[in-house]
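Hi,

Here is the structure I said I would pass on. Have a look at it first, and then read my notes underneath.

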Amino acid sequence: MKISIIGSGYVGLVTGACLARADQNVTCLDIDEKKIQDLESGKIPIYEPGLEDLIKEKLENNLLSFSSNIDQAIKNADAIFIAVGTPTNIENDGADLSQVFACAEAIGKNIKSNTVVILKSTVPVGTCDKVEEIINLANPSIDFDVVSNPEFLREGSAIFDFENPDRIIVGTKNKNSISTLNSIYKKHVDNNFPIIFTTRRSSELIKYASNSMLAMRIIFINEIADLCEKVGADVEDIALGIGLDKRIGPDFLNAGPGFGGSCFPKDARALVESGENYNAPQNLLKAVIDGNE
């Protein structure tokens with residue numbers, strides 16, 4: 001199977017390198033020709049422990065390659081991952097999907113029949129439907145499927161997380177796509193890592209719900225820390241005491257300055273925007289943002 005990954009940023013590079021280590025034939029794509037030249041020489045634009053050595057090894061084994069010829073790579077692919085950025089839209093706090101839709105247009109012009117398009121980028125509910133629509137408009141005679149497959153990688157341990165996932169979420173009910181994803185993640189299947197097949201919209205929402213749940217735990221323990229200061233209690237003892245409850249667990253119960261980074265704030269805002277778009281109840285959603293401010 002030939003796999004093309006559009007987007008050679010953090011998610012695209014980690015995904016490509018790890019799939020190549022799992023003996024998949026992978027081409028990582030980017031419109032930035034200078035970035036592609038650097039990657040071909042083994043220079044990577046990000047720091048992630050072990051990633052540079054892994055990329056160099058798979059380049060030498062010819063299981064991983066890089067290209068700026070996106071059109072040709074799409075034509076040759078059996079499966080195409082979209083792994084481009086979805087930053088916050090400064091106009092409405094939602095996700096900026098312009099890069100995702102540009103990928104869909106390029107795919108629509110060049111896709112061959114029976115290709116599976118896999119959306120790895122973090123996107124609001126309904127984005128896969130829109131990607132499918134764009135591809136259909138460009139190439140209505142082609143048989144293909146769009147699948148949601150969100151990533152759950154932590155910076156600093158991304159390779160470990162990819163190869164030892166808590167779960168793999170796949171949004172499709174298409175039998176051929178299920179077979180393709182099982183082949184792509186064959187080593188995970190063989191090692192009994194859980195793969196959850198669900199609908200595309202459920203898959204899209206799982207990513208936002210996961211990150212927002214973790215953000216809310218940080219907000220909660222910080223509120224408890226404020227209460228501890230007023231009543232003379234120790235927040236670390238509180239965190240230990242509640243974290244030993246198996247229904248709660250100890251993770252994300254360290255009081256501190258609040259949540260940040262590249263994902264939690266962006267995804268929480270996008271979840272709020274999604275709720276507004278679908279007229280969902282807002283009190284809980286907005287608490288994720290307001291509690292961190």
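Below is what turned up, going from one strand to a cavity and then to the salt bridges.

One thing to keep in mind: this is a predicted model.

**Strand 6**

I'd start with strand 6, residues 144-148. Five of its five residues are buried, so the strand is largely enclosed by the rest of the structure. That goes for both of its faces: Phe144, Val146 and Ser148 are buried on one side, and Asp145 and Val147 on the other.

Who sits beside it? Strand 5 (residues 115-119) pairs with strand 6 in the parallel sense, over five bridges. If you want one bridge to find on screen, take Val116, whose partner in strand 6 is Asp145. Helix 6 (residues 127-138) belongs to this picture too, since strand 5, helix 6 and strand 6 make a right-handed β-α-β unit.

**The cavity**

Rolling a probe the size of a water molecule over the atoms shows where empty space is left. Searching the whole structure gave one cavity of 30 Å³ or more, and the largest cavity has a volume of about 40 Å³. Leu119 and Ser148 are among the residues lining it, as are Ser121, Thr122, Val123, Asn149 and Pro150. Ser203, Glu204 and Lys207 are in the lining as well. Which element gives the largest share of that lining? Helix 10 (residues 200-231) does, with three residues. By type, the lining has three nonpolar, five polar and two charged residues.

**Salt bridges**

Side chains of opposite charge can pair when their charged atoms come close. The search of the whole structure found 15 salt bridges.

Asp129 is a good one to click on. Arg200 forms a salt bridge with Asp129, with the closest N and O atoms 2.7 Å apart. This pair links distant parts of the chain, as Arg200 is in helix 10 and Asp129 in helix 6, 71 residues apart. Arg201 and Asp129 also meet in a salt bridge, at 2.9 Å from N to O; here the two residues are 72 apart along the chain. Add Glu132, and you have a network of salt bridges linking Asp129, Glu132, Arg200 and Arg201.

Are these residues buried or exposed? Arg200 counts as buried, at 16% relative accessibility, while Asp129 is partly exposed at 27% and Arg201 is partly exposed at 37%.

Elsewhere, the side chains of Asp23 and Lys187 meet in a salt bridge at 3.8 Å, N to O. Those two are 164 residues apart, with Asp23 in the loop between helix 1 and strand 2 and Lys187 in helix 9. Asp23 is exposed, at 52%, and Lys187 is partly exposed, at 41%.

Cheers

Note on methods:
Residues are numbered from 1 along each chain as its sequence is written. This is a predicted model: local features need pLDDT of at least 70, side-chain atom pairs count only at pLDDT 80 or more; totals for chains, interfaces and linings use all residues. Side-chain values use heavy atoms; hydrogens and water are left out. Buried means under 20% relative accessible area, exposed over 50%, partly exposed in between (1.4 Å probe, protein chains only). Helices (H or I, at least four residues) and strands (E, at least two) are DSSP runs, numbered from the N terminus. Two strands pair if DSSP finds at least two bridges between them. A crossover is right-handed if, with the strands pointing away from the viewer, the path from the first strand over the helix to the second runs clockwise. On a 1 Å grid over the protein atoms alone, a cavity is a set of points where a 1.4 Å probe fits but cannot get out, and a pocket is an open set with protein on both sides within 12 Å along at least five of seven lines; lining residues have an atom within 4 Å of a point. Grid points are joined across faces, edges and corners, and a volume is the space filled by probe spheres set on the points. Ala, Val, Leu, Ile, Met, Phe, Trp, Tyr, Cys and Pro count as nonpolar, Asp, Glu, Lys and Arg as charged, and the others, Gly among them, as polar. A salt bridge is a side-chain nitrogen of Lys or Arg within 4 Å of a carboxyl oxygen of Asp or Glu.
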